[in-house]
2 protein chains.
Amino acid sequence: MNRYAVILAGGAGTRFWPLSRRREPKQFLRLFSEKTLFEMTVERIRGLIPAERILVCCNAGYRDIVRRLMPDLPAENLIGEPAGRNTAPCIALAALLLAARDPGSSMCVLPSDHHIADSNRFLKLMDAALKGAETLDLLLTFGIIPTSPHTGFGYIRTGDTRATIDGVALLAAEQFVEKPHPVLAEEYLSQGNYYWNSGMFAWKTSTILEQFDRWLPEVLRPLQEHLASAGTTDPEEPRFAHAFSRLPSISIDYGVMEKSKEVALVRGDFGWNDVGSWDALEALMPLENGNLTVGGDIVMHDSKRCIAVSRDKLVACLGVENLIVVATGDAVLVARKDRAQDLRLIVQKLRDEQKDQYL
Amino acid sequence: MNRYAVILAGGAGTRFWPLSRRREPKQFLRLFSEKTLFEMTVERIRGLIPAERILVCCNAGYRDIVRRLMPDLPAENLIGEPAGRNTAPCIALAALLLAARDPGSSMCVLPSDHHIADSNRFLKLMDAALKGAETLDLLLTFGIIPTSPHTGFGYIRTGDTRATIDGVALLAAEQFVEKPHPVLAEEYLSQGNYYWNSGMFAWKTSTILEQFDRWLPEVLRPLQEHLASAGTTDPEEPRFAHAFSRLPSISIDYGVMEKSKEVALVRGDFGWNDVGSWDALEALMPLENGNLTVGGDIVMHDSKRCIAVSRDKLVACLGVENLIVVATGDAVLVARKDRAQDLRLIVQKLRDEQKDQYL
């Protein structure tokens with residue numbers, strides 16, 4: 001059974017504003033390495049799946065940057081979404097294209113905006129997950145062992161072990177829950193059988209299509225009909241753009257995983273970090289005198305526990321603590337570090353004031 | 001008796017870095033108005049002295065900017081210093097040039113990097129000071145009533161009233177003291193007869209030259225000799241540059257005022273502000289929700305008591321307090337407001353690291 005990877009590179013985030021912009025979202029930034037998160041995701045899965053069986057789904061507008069970062073990506077493996085419709089429609093489309101190309105295949109789905117510290121462990125667990133998917137017809141999901149009562153993630157409640165593959169337990173996934181309130185998050189953390197939903201999956205192509213057919217036919221059928229009649233998936237082709245744009249915007253978690261009874265969870269203990277905000281960088285990069293500095297000329301004087309990022313400017317900090325300072329060509333952010341999650345409020349304000357040039 | 005004003009526009013400061021640079025020091029910045037401090041100084045004294053009797057002394061390198069800001073300045077009224085030698089040499093030179101041009105004149109000396117809120121009061125006091133100088137042969141200095149135990153200013157101890165002109169008391173100036181230690185500054189503040197040294201003076205041209213001859217002949221005589229032999233004061237003329245550069249670097253306060261017994265002080269109660277650091281702007285400009293914003297696109301969210309200055313960039317502050325944030329084309333400063341005085345440490349660091357492009 002041939003294995004494929006479907007890398008989701010579509011998201012446009014604001015959590016690394018002003019470095020991340022509409023034209024250059026997080027997965028394409030060189031935040032803490034010479035490589036982007038997207039490139040790291042591709043390189044990691046290549047330990048298990050060859051380049052010719054790696055597919056990339058992204059907004060049509062990001063295709064050029066994907067081609068530049070992954071020059072050996074076969075043209076037919078690049079799926080451009082004519083519009084953002086969350087994860088279910090693009091995963092359904094990828095599965096349909098794979099079913100036509102290699103009906104007996106299995107596939108994993110990988111977001112490209114996360115960091116994974118231990119690639120070997122990741123590959124071992126992914127191999128086990130794919131084996132589980134291939135032999136047991138399960139939908140495999142990767143759960144992250146929570147380290148804090150984070151309210152920004154969905155949680156998955158697990159039950160007994162359904163199977164063990166190469167020493168890796170596949171736990172019954174009993175419930176998917178949306179981003180919880182803080183009190184609930186504390187409860188989940190203390191109970192020990194809740195995991196963060198990482199958005200990484202593994203399944204047989206035929207299995208996920210059956211599940212789409214059962215739980216989300218309003219996504220699957222229009223795509224099947226379009227492929228049967230027109231065939232093309234060029235995002236600039238009006239019929240495809242029209243068909244795709246009419247699909248509901250829905251996540252695979254909400255549309256399929258929450259409903260299916262055939263879901264098992266692998267505990268993803270491979271040093272996962274969602275790099276969800278500027279302060280996340282502190283866990284991923286070495287500090288210098290307690291400060292984290294990235295790029296540019298940065299002068300720190302009597303300053304502690306700061307994150308300073310500069311693209312091409314001098315940044316000088318004097319007597320400050322616990323700040324995030326980011327300087328790009330046209331914008332400067334100065335934020336208290338424990339307010340990093342609220343960056344969206346700034347972005348919203350810019351949107352409200354129609355300062356689109358900064359978005 | 002004709003009155004002249006000598007405006008000192010020479011200084012290169014770092015206290016408004018990164019906005020103030022070697023090529024654009026404080027007096028030439030548009031910090032809190034459409035007008036520079038230099039222009040405001042010129043306009044103010046024009047209430048008493050016509051343009052053709054206003055002289056400007058500055059580093060040779062600033063002559064172009066002075067000409068641009070004051071297009072009606074007669075060419076012969078612009079004195080370019082070939083080298084920075086503190087205030088005594090350039091004041092001596094201005095007095096010598098005035099003595100040749102108008103021997104019976106009086107003159108006032110005005111730094112151009114201060115802000116004065118009440119121009120009418122200033123003009124009234126300056127008129128009284130010049131009258132005192134003209135009729136009593138005194139050296140008049142303006143003292144500022146201290147509002148804090150500031151350790152960045154020199155102080156002047158006063159005694160009895162020597163004379164009263166138009167209702168303005170000319171107090172005996174008994175002692176000039178250098179920038180004091182904090183304990184001493186507290187003492188001066190509580191004693192009530194100490195004033196901050198504003199660096200503004202008034203005297204007859206002949207009086208100051210006599211005093212130079214007595215207390216600072218090492219500055220006066222080489223200038224007299226140069227003028228008698230060569231004549232030119234073109235700062236690019238090698239003989240003048242050579243003669244000027246060999247003068248000691250010394251302030252008029254230290255070289256003359258401290259030593260002379262003929263000094264009287266006018267209490268300068270005209271809303272003087274030395275605009276000595278970024279935080280000084282708060283007293284000079286209206287705040288908005290407790291923040292001071294100057295120029296550019298500035299977005300404040302949950303931020304208090306901050307000073308944000310931007311030349312052409314977006315500056316966004318999130319959840320921060322008591323910060324100074326300054327963004328220029330190539331540099332960004334983020335400083336705790338109560339550390340504004342220590343900005344020189346950043347500038348020194350840049351100098352040490354030979355990052356001259358930012359100075």
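In chain A, helix α7 (residues 217–229) packs against α3(A) at an angle of about 45°, with the two axes 10 Å apart. This is a predicted model, so read everything below as computed from it. There's a second helix partner for α3(A), namely α6(A), and then a two-chain story: chains A and B touch through 30 residues on each side and share a six-stranded sheet.

**α3(A) with α7(A)**

- At that angle of about 45°, α3(A) and α7(A) are oblique to each other, because the roughly parallel class stops under 35 degrees and the roughly perpendicular one runs from 65 to 115.
- The crossing of α3(A) past α7(A) is right-handed.
- On the α3(A) side, the contact uses A:Ala88, A:Pro89, A:Ala92, A:Leu93 and A:Leu96.
- Facing them from α7(A) are A:Val219, A:Leu220, A:Leu223, A:Gln224 and A:Leu227.
- Sorted by class, that contact comes to nine nonpolar residues, one polar and no charged ones.

**α3(A) with α6(A)**

- Here α3 (residues 87–101) meets α6 (residues 205–215), both of chain A, at about 130° with the axes 9 Å apart.
- That angle makes α3(A) oblique to α6(A), since roughly antiparallel would need over 145 degrees.
- The hand is left this time: α3(A) goes past α6(A) in a left-handed crossing.
- From α3(A), the residues involved are A:Ala92, A:Ala95, A:Leu98 and A:Ala99.
- α6(A) answers with A:Thr205, A:Ser206, A:Ile208, A:Leu209 and A:Phe212.
- The tally for this contact is seven nonpolar, two polar and no charged residues.
- A:Ala92 of α3(A) turns up in the contact with α6(A) and also in the one with α7(A).

**Where chain B touches chain A**

- The contact pairs 30 residues of chain B with 30 of chain A.
- On chain B, the elements giving two or more residues are β13 (297–301), β15 (314–318), β16 (323–327), β17 (331–336) and α10 (343–352).
- The top contributor on that side is β17(B), with six residues.
- By class, the chain B side splits into 20 nonpolar, two polar and eight charged residues.

**How the two copies relate**

- Chain B lands on chain A after a rotation of 180° with 0.0 Å of shift along the axis, at an RMSD of 0.1 Å.
- The copies are thus related as by a two-fold rotation axis.
- Both copies use the same surface, with 100% of chain B's contact residues recurring in chain A.

**The sheet that spans both chains**

- It's an open sheet of six strands with mixed pairing, in the order β12(A)-β14(A)-β16(A)-β17(A)-β15(B)-β13(B).
- The edges are β12 (292–294) of chain A and β13 of chain B, each pairing on one side only.
- From one strand to the next, the twist averages 5°.
- Helix α10 (residues 343–352) of chain A packs on this sheet, touching β17 of chain A plus β13 and β15 of chain B.
- The direction of α10(A) makes about 135° with that of β13(B).
- The chains are joined within the sheet by five bridges between β17 (residues 331–336) of chain A and β15(B), and these two strands run parallel.
- Among the facing pairs there, A:Ala331 stands opposite B:Leu314, and A:Val334 stands opposite B:Cys317.

Key: Residues are numbered from 1 along each chain as its sequence is written. Chains are lettered from A and ligands numbered from 1 in the order in which they are written. This is a predicted model: local features need pLDDT of at least 70, side-chain atom pairs count only at pLDDT 80 or more; totals for chains, interfaces and linings use all residues. Axes are lines fitted to C-alpha atoms, for helices over the stretch in contact, and angles run from 0 to 180 degrees between N-to-C directions. Helices (H or I, at least four residues) and strands (E, at least two) are DSSP runs, numbered from the N terminus. A crossing is left-handed if the near helix is turned anticlockwise from the far one by less than a right angle, and right-handed if clockwise. Two residues are in contact if their C-beta atoms, placed from the backbone, lie within 7 Å. Ala, Val, Leu, Ile, Met, Phe, Trp, Tyr, Cys and Pro count as nonpolar, Asp, Glu, Lys and Arg as charged, and the others, Gly among them, as polar. Two strands pair if DSSP finds at least two bridges between them. Copies are superposed by least squares on the C-alpha atoms of residues with pLDDT of at least 70 in both.
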